[in-house]
Amino acid sequence: MANIMIQRDSKGGYQFYLPKRDLEDGIDSMEFDTPEKWGGEIKLSGGGTYYIEPQPAPARLPFSVRAKRIDAAE
Amino acid sequence: MTAMTREETQALIQEVLEVYPEKARKDREKHLAVNDQSVEQSKKCITSNRKSLPGVMTIRGCAYAGSKGVVWGPIKDMIHISHGPVGCGQYSRAGRRNYYVGTTGVNAFGTMNFTSDFQEKDIVFGGDKKLAKLITEIEGLFPLHKGISIQSECPIGLIGDDIEAVSKKAAKELNKPVVPVRCEGFRGVSQSLGHHIANDAIRDWVLGNRDTSAFESTPYDVTIIGDYNIGGDAWATRTILEEMGLRVIAQWSGDGTLAEMENTPKAKLNLLHCYRSMNYISRHMEEKYGIPYMEYNFFGPTKIENSLREIAAFFDDTIKANTEKVIAKYKPMMQAVIDKYKPRLEGKRVMLYVGGLRPRHVIGAYEDLGMEVVGTGYEFGHNDDYDRTIKEMGNATLLYDDVTGLEFEEFVKRVKPDLVGSGIKEKFIFQKMGIPFRQMHSWDYSGPYHSYDGFAIFARDMDMTLNNPCWSQLTPPWKKAA
């Protein structure tokens, strides 16, 4: 489990940030992306995959959340 | 020498790598790359933020350097104790030329060195008592200080001193913030982790201190984050922002004060110059206080203009109109600078190897003068820095991460740039090789280089170095052809 931060990038998509390792990456896809259910498996542009427990979408980004690493690129 | 092709640059890298043993070669290979603007993600071509190899000459610093030297050190009205043996503090004292206004030793302490001067008995029996005594002494001798930060040197972590407990007790007695910073030099691979630790310490011990107190804010409050006022950089930046009609409520951390830092959450926009050292705190403020941050670039008129417009876009039409006025006001002045120096500098090629934001930010300033940056690299950059650099650099130029002494020398010998910009340790090597050199960490004792005022000085300095008559006098008379 790791603390990650989800934020908006300049193009309106999501961006992934892992403070512990200073890892900044784009998010290619998020499993659930509706106001009621948000999270699930997120795929990073760099090839990694993380899992956020599905939850109601945060009112404001950036948003820090615990995530599980399923598959990391490095 | 004309520009190298992609294959030539690749061949050069391979040639330089040949002297290494196989294992080292494999490792170093990942840190050297030929720039390709089509690459979206730097990690596909270059590895960064990894441990330096034992045995090579690295130019990196340590976590203590990142915390005390960069982030905390310039905060002028706090006393920063170099907790541990005397050398770390003494040899880094005032080296970065972070200018400030104040009376040193009375209400400002930037250029002074405070240390607990560890001796053998402190290592054996622990240094907490000494630290507590030191803090009491500081309070007696310098009553106008606004707070204390304790910057740990390596032994503190090794012997397991509890500086947090001492800090908490002292803070209560003094009724001033006492911040323990766990920035022991052995942590991490470079000064970069020191920045992170320092940012986290600010977040935990400083940032929320005035959340409940009143503050008279205006809609135009901004902060300058990640400008260390080297040679007066932050002042040059500040004047432009104020001319635009913005109010700068805090400078982080060049010429900054503790009160400014505590008031930063009241700002409307954080302007982030050095992304590498202060993105952590900016991200935190964006999440906790909803303050957006924006990276800007105040090197060279082209980039300044773009940045000013981007900053103005966050505000209303009066600011936007003011910004255009500011741009129009400085345009002829900058044109005069370019007209004067461009003919003397045009076509010259530059290689850079510095840290933080400069490997990519100064490229624009050189381009404004008609110069070309043919190689650049970060001491302690991460992948996100290289992501941003790839677009700024030309195709088939060299990128080198945590370059070793040997690689840097060989690259310069082969690429033959007209100017090298790096640190003081590299300066004399290259000058003896007959290559003009600027020390780009503290602007070679000149500055400011930021903003419009700084560009004029930047152009003059580059001309002064490059066109110095001494470079034609390098061959001694007895070696000259008759």
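Here is a walk through parts of chain B: a strand, a helix and a surface patch. The model is predicted, so local features need pLDDT of at least 70 and side-chain atom pairs count only at pLDDT 80 or more, while totals for chains, interfaces and linings use all residues. Residues are numbered from 1 along each chain as its sequence is written, and side-chain values use heavy atoms, with hydrogens and water left out.

Let's start with strand 4 of chain B, residues 147-152 (strands are DSSP runs of E, at least two residues, and helices runs of H or I, at least four, numbered from the N terminus). Six of its six residues are buried, so strand 4 is largely enclosed by the rest of the structure; buried means under 20% relative accessible area, exposed over 50% and partly exposed in between, with a 1.4 Å probe and protein chains only. In a regular strand the side chains alternate between the two faces of the sheet. Here Gly147(B), Ser149(B) and Gln151(B) point one way, and Ile148(B), Ile150(B) and Ser152(B) the other.

And the neighbours? Strand 4 of chain B pairs in the parallel sense with strand 2 (residues 78-83) over six bridges, where pairing takes at least two DSSP bridges. Met78(B) has Gly147(B) as its bridge partner. Strand 5 (residues 178-181) of chain B also pairs with strand 4 in the parallel sense, over four bridges, with Val178(B) partnering Ile148(B).

Now for helix 19 of chain B, residues 424-432, where Glu426(B), Lys427(B) and Phe430(B) are buried. Down the helix axis they fall within an arc of 115° and so line one face (the arc uses directions from the axis to the C-beta atoms). Exposed Lys425(B) and Lys432(B) sit on the face turned away from the buried side. After helix 19 of chain B comes Gly434(B), with a positive phi near 85°.

Last, Trp235(B) lies in helix 10 (residues 233-243) of chain B and counts as partly exposed at 30% relative accessibility.

Key:
Chains lettered and ligands numbered in written order.
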